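Q: Got a minute to go through this model with me?
A: Sure, put it up.

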Amino acid sequence: MAKNKKTEAELPKSGPLFDYAPAPESPAAAGEIATSYGHFIGGEFVDSSGSEALKTVNPATEQVLAEFAQGTEEDVERAVKAARKAFGDWSALPGSERAKYLYRIARIIQERSRELAVLESIDNGKPIKETRDFDLPMVAAWFFYYAGWADKLDYAGFGPNPRPVGVAAQVIPWNFPLMMLAWKIAPALATGNTVVLKPAETTPLTALRFAEICRQAGLPKGVVNIITGDGRTGAALTAHPDVNKVAFTGSTNVGRSIARQLAGSRKKLSLELGGKAANIVFDDAPIDQAVEGIVNGIFFNQGHVCCAGSRLLVQESIQDELLEALKRRMATLRLGDPLDKNTDIGAINSAAQLARITELTAAGEAEGAERWAPACELPSAGYWFKPTIFTGVSQAHRIAQEEIFGPVLSVLTFRTPDEAVAKANNTPFGLSAGIWTEKGSRILWMADKLKAGVVWANTFNKFDPTSPFGGYKESGYGREGGRHGLEPYLNVEARDV
Amino acid sequence: MSEIATRLDVMKTYKLFVGGKFPRSESGRVYEVTDGKGQWLANAPLGTRKDTRDAVLAARAAVKGWAGTTAYNRGQVLYRVAEMLQGRREQFAAEVAAAEGLGAKKSAALVDQAIDRWVWYAGWTDKVAQIAGAANPVAGPYFNLSVPEPTGVVGIVAPQAGYGHSFLGLVSVIAPAIATGNTVVVAAAANAPLPALSLGEVLATSDVPGGVVNIISGRTADLAPTLASHQDVNALDLTGAIAADGPGAAAVLEAAAADTLKRVLRPAVDPSAQDWTNAPGTERLLSFLETKTVWHPMGQ
């Protein structure tokens, strides 16, 4: 027996014993943000051929951070040309040399990690503790992992003569701007492709900063090109006849239109689209760990996560106990200044996204679900949304079917494992799922039955560069990460049969 | 000798193969199938959109059982198909000879290769997870596995041309899809559907559960668009979809498949130049798989 086991009476009472002192990160650590940016094409920062400029704001303050170019078709043309020109030499380079460029990039990312984390937090609105402790380490790890593949492609199992596809057009979302960039660029370069990447129009700054890193690493000109702009620029890029491969992460609707656009073109296509993940909690689950997993599943990154555990499926017999524990935990979440190291929940990325979350949650109430959020003050400026849960949700409710992409959890119940599986699979999506139970055989049975590309058992929202990630059904096709993540960027021997 | 034969052959009524049964087309219609010289061979059922939808229903119903069976058992079933084919080798050789206008030696060789191809894929059933799966060394205390799983229902436009397409080509597209646990709806070669319809008879007696393979004959332009747009078809193999087919052309079908974000296996650049006697690779096996990654913490 442990001698120093504390009795109930000695344990601290729940409730706020101490208040937090602010622990702000300095915005100056982000380095200098220029007042206006052009594109990064052929190794140079260049002005757009058009005159239209967009503004990126700090979602926590609504202050304009910088202007950047709305890429025109002519800009796209220039960028694709630069990538095409660079492709010959880059793809001919021995894999071991390409690997060293990627290692250099990974190291420079580590060196400049604090700067990038702060800049990401300012431009995106996400808390510094997430950019610092999750995004940036993951970004560096992604480049390290794929650096090691560059000279081992013959052993990757995709045929005897794996070859790069050519010029890759890559369009990424705003929820993890740098991490999505790393997920796209690292495997593309390792396999010998050159890229034109378009960051999201609300979060272009870290991609443009990454361009500087490419220069520091001495990456040959044109191997990585960054063009900015909104969906029009993205559409011009994915439609460009001289790109050989399109990789898109974003909404299912845009993914659908890209798939339609590319039909008959023979361009390779990989899509990472929406999700509506079920996080399934059984009555024998460790409740405290499950609560942490639920909170992490839906409130991580303000719920701006395609694989967020946005539908809690809780076994009916523990519903009350679990919800009470969840509400207690949610009341301790700290919402506010993303640059404060104590902040759990930062700002919603944009006014448009806030409007969408507001609209869908209003629909949840209108359809009869019960809404709850902890008491918390919202800052007066910026885009904010309280961590919110809905109980009494039915499968037909919009908040149970549509991706909200915000800190909003819909709670449903089930009685049997079969019912949990049926409800979990009852959306057109199939990106991720969570299972919480102490019963190993049930975990394996559930993991087998769930239509989802990633299944987290007794954990949630774990990622690793060695680990394939991607969806079933309308959550898209192709995998990113791991050996599987090479395939979208490789051609193998011509198919006859 | 008199012009009247001493014994009249019993002719076969060719039927669709759907859900393990042999229905006539709901259209009540047939179309003429001829040999290379334009001689009438038989009437084949003129399959319709409704027939295709019925077949998708059957294929969906069969997914749970077929995907859920063990890889070993699926291998046994595929091997059994080869056994059954071996016994009907001469029949298929004659049908292939008529369908493709080939001599007896060549058509027999094609059937032998088709039998061998079933055997090849039978052996893949319990190995594909070992080459397509992974144990991922993540940077943390987690048990992390990636396993390939069947995509679900695969719609297949069977090869319409190329040396050996009518049977060896057909087998080459069906076997890999079902070896990995998918169920299929196949639009047979429109001009040479008889070996495909006869294959249904073999599958029905080979322990292949009803609905795992469904074979429809008819015009590609009628059948393929239904497969491409169907909400309950998960993947599309467009091997036989060629440009001349209008609404059945690959690009049109691929665009239709985008609405439901189906996985699409595109046809070769020139499908008519395909030689089905070439050795198969793993692309077809891997095209109709999804990778599922499962995480679990490790600790005491």
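Q: What radius of gyration does chain B have, and what would a compact globule with 300 residues have?
A: Chain B has 20 Å, taken over C-alpha atoms. A compact globule would be near 19 Å, by the rule of 2.2 Å times the number of residues to the power 0.38, so the value agrees. Bear in mind that this is a predicted model: local features need pLDDT of at least 70, side-chain atom pairs count only at pLDDT 80 or more, and totals for chains, interfaces and linings use all residues. Residues are numbered from 1 along each chain as its sequence is written, chains are lettered from A and ligands numbered from 1 in written order, and side-chain values use heavy atoms, without hydrogens and water.

Q: How much of chain B is buried?
A: 55% of its 300 residues (buried means under 20% relative accessible area, 1.4 Å probe, protein chains only).

Q: Switching to cores. Which residues touch the most other members in the largest nonpolar one?
A: Ile109(A), Phe143(A), Leu181(A), Phe210(A), Val224(A) and Leu326(A), out of 114 residues. Such a core is a set of buried Ala, Val, Leu, Ile, Met, Phe, Trp, Tyr and Cys residues joined through side-chain atoms within 4.5 Å. Helix α5 of chain A (residues 177-190; helices are DSSP runs of H or I, at least four residues, numbered from the N terminus) gives the most, 11 residues.

Q: Where does that core lie?
A: Between domain 1 (27-273 + 475-491) and domain 2 (278-464) of chain A, because both give residues to it. The bounds come from an automatic or database domain assignment.

Methods. Buried < 20%, exposed > 50% of the residue type's maximum accessible area, 1.4 Å probe, protein only. Helix = DSSP H or I, 4+ residues; strand = E, 2+ residues; numbered from the N terminus.
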